[in-house]
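Here is a short tour of one structure, written with the bench in mind. Take a look at the model first, and then read on.

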Amino acid sequence: DKVYLPAFTDAEELSKWGIPENMNTITLNFDDYVEIILDNDIDGLAINPFGDYYIISKKGLENLKDMKKERLKVNEVRIETNSKLIISEPKHLPTMMMEAIKNCCDDLGNVNKAWILEMMTEKDKSWLLVLDFEGDKNIVIKNISLHVVEKGDVLNPCIFFIHGWPTNWREFEKVMEILSKKFYTVAIDLPGIGESKGSLNSYAKENIADYILELINVLNLKNIILVGCDAGGQIVYSCIKNFQEKLSGAIIMNVVIPGVSPWNTIKNNPYIWHFRFHLINDLPENLVSGREEIYFSYFYDILSSKNNIISDTYKSYFVQAYSNIDALKSGFDLYRTFNIDEENNIQTKNISVEIPVLYLRGKQENVDINLYLKGFKENGFKNLYHEIIEDCGHFSALEQPEKVSEVIEKFEKLLNKI
């Protein structure tokens, strides 16, 4: 006697077996059946055994498996530079390859859309697979792996976010969720922080700006509004001064710029003690390591408005982003380059900034925004705007994501009118 594994193509065929209606059933695909039969003492597959049945022997299944593997085999095709290409939509799609691609995309979990096209050269005909990824990825820029998060349609205007200290890309997560309905939003973890791997030799903002420029080129970003908060705002300032031609506009949030008034007043303010503490080599890392939550929470709580304290969930995200000594050092190194940043910004003082720039602060930061606007104007900013977010402290994007999103969208509409 031979033993066959039954398989049913639909519920009607299954009902012919006479099993109880409440019996649990499972759906298997071809690969599942092959694996079960080849790995066990089963002679083959019986399809619809109580109707017009069809039997495939174990050997037949092995042959079908080999045929499928051969059909799905990927051959590398190298296309010479300047070759003529014809790309078109296929009249008939390869069923088995479609299933394999779908399964692969499901496993990846971050594929937004996929297209299968026919590609013809003068010599060959092949399939072209185009994938639109959404979510997280890492891109290597000059031996540094930058963690990049994308949300929204790549065809929309781009808003690129750079976080400050002590946060990571999630500082802008809520804003990205709102704006991604109309914009292509991008955020990164700064080098050495969070999911970005590898530390920089220098955390001077001008040096980080070089990495931002390289990333913009790799991603082929266009129509960019660059947004930065805290140290991210200082980086945006360097980007503006060094490659404003790449930007449609820029937004600097909740920060003073080294070398730009009122810098001297702020850096000498005894209440802003952490500026000087973070300048010390090694000591801050050694004291804070293992106590990140206690130390960081001091800043989250004292710098936020009383009505919008940073949630424990986001605190845990940020603590995790700095949970090793190298990440802590990368964060403190943002402060240790202030003297270099000041010198660089003084050197670029006379570079005229023609693109629109928005300066944004929280109402509860209690600063005289006119002093900061005066400093920007003295440093060549010709097209300067400002906004103050009500009921908001230093971490504006976390405290008031809806209001910040509204301001960014309004700024983008302004750019379209200029």
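What volume does the largest pocket have? The largest pocket has a volume of about 850 Å³. A pocket here is an open set of points on a 1 Å grid over the protein atoms alone, where a 1.4 Å probe fits, with protein on both sides within 12 Å along at least five of seven lines, and lining residues have an atom within 4 Å of a point. The volume is the space filled by probe spheres set on the points.

This is a predicted model, in which local features need pLDDT of at least 70, side-chain atom pairs count only at pLDDT 80 or more, and totals for linings use all residues. Residues are numbered from 1 along each chain, and side-chain values use heavy atoms, without hydrogens or water.

Of the 34 lining residues, Ile-272, His-274, Leu-303, Arg-361 and His-394 are the closest to the pocket's centre. By class, the lining divides as follows (Ala, Val, Leu, Ile, Met, Phe, Trp, Tyr, Cys and Pro count as nonpolar, Asp, Glu, Lys and Arg as charged, the others as polar).

| Class | Residues in the lining |
|---|---|
| Nonpolar | 22 residues |
| Polar | eight residues |
| Charged | four residues |

Helix H11 (292-303) gives the largest share of this lining, four residues; helices are DSSP runs (H or I) of at least four residues.

H11 also meets H12 (residues 312-321): Phe-296 and Tyr-300 are among the H11 residues in this contact, and Phe-318 is one of those from H12, where contact means heavy atoms within 4.5 Å.

How values were computed. Helices (H or I, at least four residues) and strands (E, at least two) are DSSP runs, numbered from the N terminus.
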